[in-house]
Amino acid sequence: MSEEKIETKKQFFIDGAISPTLISGMLAKHSKKTGIGAHDIFLGQVRADIINGHAVKAIEYSAYTEMADNELARIREEIIGTFNLTCAHILHSIGMVNTGEICLLVLVSSVHRKAVFDACLEMVERIKKEVPIFGKEVFEDGTHVWKENVD
Amino acid sequence: MKLLLFGMLAEDIGKQEIVLETFRDVNSLRKYLLEHYPILRNKQFMIAVNKQKADKNITLSENDEIALIPPFAGG
């Protein structure tokens, strides 16, 4: 996926894992926004949970993409407004993401630190609760279970 | 009307889309689904109409996009 696409506010999904290179590139683009005094970033990483004795090796994500885009846009706009953010970015993986790889990025920026800590937490919590994204935890032997977010 | 299925529900029913007769409202659709797809009876799911969660028993029409949505797992 090209970096230009990330600049488009409504491009929330990316095929596969979110690479450290992509993350550093996103961060670098903020150096010209000199009104910013604080960023907070959340990175979700696929964990090798042990379920009934089997180790998870990957999560395969899918989504009701059109509805998810609407929900993510709404959450993003609301949180930018509530916390008076300078900007906010959300990126979520679709398809297979191996354990140890990044599947969610939330990057929020503002003038001062308090707003970004609060905004980042609320953004992540709301993404988990309100957005129709589904995940299949795939085991080494090819079997799977469906993941379900808990509070 | 077209019913979209996602995640574990698509897997359980074996389809990503089902074409149904048009139901008058969400409750009658839900009743039909539970009768015809017993596997749904012990599943948690919500119904979305035109990409919005249908909390109430709203009226449906032929061209509505209906979706059966399992629990979320984003993040």
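Leu3(B) stands opposite Ile18(B), a residue of strand β2(B). This pair offers a point of entry into a structure that is a predicted model. The prediction scores ipTM 0.94 and pTM 0.92. For chain B the mean pLDDT is 95, and 100% of its residues reach 70 or more.

The pair just named belongs to the antiparallel pairing of strand β1 (residues 2-5) of chain B with β2(B), which extends over three bridges. Both strands are part of an open sheet of five strands in chain B, arranged in the order β2-β1-β5-β3-β4 with mixed pairing. At the edges stand β2 (17-19) and β4 (52-53) of chain B; each has a single partner strand, so one side of each is left without a neighbour in the sheet. In general, the strands of a sheet pair through backbone hydrogen bonds, in either a parallel or an antiparallel sense.

Chain B also touches chain A. To this contact chain B gives 13 residues and chain A gives 21 residues. On the side of chain B, the elements that supply two or more residues are α1 (7-13) and β5 (65-69). The residues on that side comprise nine nonpolar, three polar and one charged.

Attention now turns to the strands of chain A. Strand β3 (residues 50-51) of chain A and strand β4 (residues 54-63) of chain A run antiparallel and are joined by two bridges. Within this pairing, Ile50(A) stands opposite Ala55(A) of β4(A). The two strands form a hairpin with two residues between them, and Asn52(A) in the turn has a positive phi of about 50°.

Strand β4(A) has further pairings. Seven bridges connect β4(A) with strand β7 (residues 133-139) of chain A, again in the antiparallel sense; here Val56(A) has Phe139(A) as its bridge partner. Four bridges link β4(A) with strand β5 (residues 87-98) of chain A, also antiparallel, and Ala58(A) stands opposite Asn98(A) in β5(A).

The helices of chain A complete this account. Helix α3 (residues 65-83) of chain A packs with helix α4 (residues 113-130) of chain A at an angle of about 160°, their axes lying 10 Å apart. That angle makes α3(A) roughly antiparallel to α4(A). The crossing of α3(A) past α4(A) is right-handed. From α3(A), the residues Glu71(A), Ile75(A), Ile79(A) and Phe83(A) meet residues of α4(A), among them Ala115(A), Asp118(A), Met123(A) and Ile127(A). The residues of this contact between α3(A) and α4(A) divide into seven nonpolar, no polar and five charged.

Definitions and conventions
Residues are numbered from 1 along each chain as its sequence is written. Chains are lettered from A and ligands numbered from 1 in the order in which they are written. This is a predicted model: local features need pLDDT of at least 70, side-chain atom pairs count only at pLDDT 80 or more; totals for chains, interfaces and linings use all residues. Two residues are in contact if their C-beta atoms, placed from the backbone, lie within 7 Å. Ala, Val, Leu, Ile, Met, Phe, Trp, Tyr, Cys and Pro count as nonpolar, Asp, Glu, Lys and Arg as charged, and the others, Gly among them, as polar. pLDDT is the predictor's confidence in each residue, from 0 to 100. Axes are lines fitted to C-alpha atoms, for helices over the stretch in contact, and angles run from 0 to 180 degrees between N-to-C directions. Angles under 35 degrees count as roughly parallel, over 145 as roughly antiparallel, 65 to 115 as roughly perpendicular and the rest as oblique. A crossing is left-handed if the near helix is turned anticlockwise from the far one by less than a right angle, and right-handed if clockwise. Two strands pair if DSSP finds at least two bridges between them.
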